[in-house]
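Open the model in your viewer and keep the selection panel at hand. This tour goes stop by stop, with something to select at each one.

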Amino acid sequence: MKIMVTGGAGFIGSNYVHHHLEKFPEDEIVVLDKLTYAGRLANLEGVPEQRFSFVEADICDRETSRRTLDGCDAIVNFAAESHVDRSIEAPGEFITTDVFGTYVLLEAARDAGIRHLQISTDEVYGSIDEGSFTEASPIDPSSPYSASKAGGDMIVSAFNHTYGADSLTVRASNNYGPQQHPEKLIPLVILNAIHGDPIPVYGDGKQVRNWLFVRDFCTAIDAVLVNGQAGEVYNVGGPDEETNLDVVKAILALTGRDESLITYVEDRLGHDLRYSLSAAKTQALGWKAAVNFAQGIESTVAWYRDNPQWWQALRSGEYREYYERQYGVDLGA
Ligand code: NAD
Ligand code: TYD
């Protein structure tokens with residue numbers, strides 16, 4: 001199989017490329033990625049060159065997307081603007097990439113007669129106080145990010161319903177692991193802890209996320225890509241739920257830092273209190289998470305500790321400017 005992986009230079013996409021090429025030695029992957037602030041070629045270092053190629057392009061660019069798709073058997077679409085806080089600051093790019101870009105890829109896949117697997121998020125269901133969302137739960141997104149992802153998901157399902165396109169969706173809970181951009185909670189806390197910088201906790205820190213180790217999500221994606229039914233949605237929830245405060249405390253303990261680094265800051269606008277996702281339907285395809293939160297967070301902290309060359313360049317430049325805008329503090333000052 002040859003797969004076009006869009007957004008493959010980002011966090012989950014790059015983990016998926018490494019995982020898939022290791023696990024399926026016959027398969028080939030072409031990554032199409034715009035290399036926004038979140039995409040980095042460094043994430044793809046070490047992939048087997050004879051089975052891998054890279055095209056720098058925007059998924060909204062119809063011509064290049066179609067040309068790149070030539071000879072492929074499927075698209076796995078990770079490409080998105082993916083950060084809630086940035087969507088609150090500036091929603092426009094989210095709507096362009098996550099909605100219009102998804103449509104461009106769907107049309108290309110339909111014309112080529114191949115499968116389009118959309119990578120989506122539990123955030124499209126909104127917040128849940130008790131119990132877990134299933135695939136039958138209504139869509140009720142809260143942020144410009146989750147609303148854009150919900151728009152993309154609706155077009156995926158409309159293409160299947162209207163044209164009989166081979167399109168389907170996986171919705172994952174919060175991922176963490178190596179190569180995640182430090183704008184997101186877990187890598188932000190790890191790097192601030194390593195540097196002895198204050199750890200910004202939004203509101204009271206009692207919000208709950210359903211953590212999924214990124215390599216477990218990769219195995220779920222393969223299960224759905226191969227065995228999922230067109231027109232269906234598959235939820236991939238992680239094995240553990242943790243409050244943000246407990247996540248921060250676990251990282252402080254693993255990095256040998258004191259809890260006095262915790263700094264409560266103004267809450268996120270429209271902050272969702274809790275996400276929780278039932279993975280039963282994906283498990284029925286034979287998938288199971290292999291890594292619990294205690295194991296995953298330990299190995300993730302170790303990865304950031306052992307790979308300073310990966311994050312040193314990021315701590316300057318765009319991320320530093322973003323950090324100052326978002327938190328009103330100069331990073332590492
Ligand atoms: P990321 O921000 O790390 O990576 C996104 C990638 O998409 C980057 O490489 C970026 O350059 C690329 N990209 C952005 N706009 C593009 C465009 N117009 N054309 C081509 N490439 C473009 O994101 P991530 O955390 O790896 O998330 C990947 C996907 O998984 C997203 O669709 C996201 O909504 C979904 N998701 C993420 C999580 C999570 O916890 N991170 C959870 C569930 C679902
Ligand atoms: P994030 O990693 O941005 O993922 P998402 O918003 O998609 O769940 O945030 C995870 C949780 O951590 C969320 O409840 C917001 C909170 N958070 C903080 O408390 N402080 C921070 O600096 C960041 C980035 C997030």
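Helices and strands here are DSSP runs, numbered from the N terminus; a helix needs at least four residues and a strand at least two. With that naming, β5 can be picked out as the element that gives the most to the shell around ligand 1, with three residues. Keep in mind that this is a predicted model.

**Stop 1: ligand 1**

Select ligand 1 and show the residues around it. There are 28 of them. Which come nearest? They are I12, D33, S82, Y145 and K149.

Now look at single atom pairs. Start with K149: an N or O atom in its side chain is 2.7 Å from an oxygen atom of ligand 1. Move to G10. Here the backbone takes part, with an N or O atom 2.9 Å from an oxygen atom of the ligand. Then pick T97. A polar atom of its side chain lies 3.0 Å from a nitrogen atom of ligand 1.

How much of ligand 1 does the protein cover? On its own, the ligand has 840 Å² of accessible area, and the protein covers 96% of that.

Next, color the elements around the ligand. Select α1 (11-23), β5 (115-121) and α5 (144-163). Each supplies at least two residues of the shell. Color the shell by residue class as well: 13 residues are nonpolar, eleven are polar and four are charged.

**Stop 2: ligand 2**

Select ligand 2. It is surrounded by 18 residues. E123, R209, R268, H271 and Y327 are the closest.

Zoom in on Y327. An N or O atom in its side chain is 2.6 Å from an oxygen atom of ligand 2. Go on to R209, where a polar side-chain atom lies 2.8 Å from an oxygen atom of the ligand. At L185, look at the backbone instead: one of its N or O atoms is 2.9 Å from an oxygen atom of ligand 2.

Ligand 2 has 510 Å² of accessible area on its own, and the protein covers 97% of it. Which elements give two or more residues to this shell? Select α6 (185-195) and β8 (199-202). The most comes from β8, with three residues. By class, the shell holds eight nonpolar, five polar and five charged residues.

**Stop 3: helices α2 and α4**

Hide the ligands and select residues 62-69, helix α2, together with residues 92-112, helix α4. Their axes come within 10 Å and cross at roughly 40°. Why is α2 called oblique to α4? That crossing angle makes it so, since angles under 35 degrees count as roughly parallel and 65 to 115 as roughly perpendicular. Turn the view to check the hand: this crossing is right-handed.

**Stop 4: helices α8 and α10**

Finish with α8, residues 244-254, and α10, residues 293-306. These helices pack at an angle of about 55°, and their axes are 10 Å apart. That angle makes α8 oblique to α10. The crossing of α8 past α10 is right-handed.

Notes:
Residues numbered from 1 in each chain as written. Chains lettered and ligands numbered in written order. Predicted model: local features only at pLDDT ≥ 70, side-chain atom pairs only at ≥ 80, totals over all residues. Heavy atoms only, no water. Near = heavy atom within 4 Å. Polar contact = N/O pair within 3.5 Å; in protein donor to acceptor, adjacent residues only side chain to side chain. Areas by Shrake-Rupley, 256 points an atom, 1.4 Å probe, with all protein chains shown as cover. Nonpolar A, V, L, I, M, F, W, Y, C, P; charged D, E, K, R; others polar. Axes fitted to C-alpha atoms, helices over the stretch in contact; angles between N-to-C directions. Parallel < 35°, antiparallel > 145°, perpendicular 65-115°, else oblique. Left-handed = near helix turned anticlockwise from the far one by under 90°.
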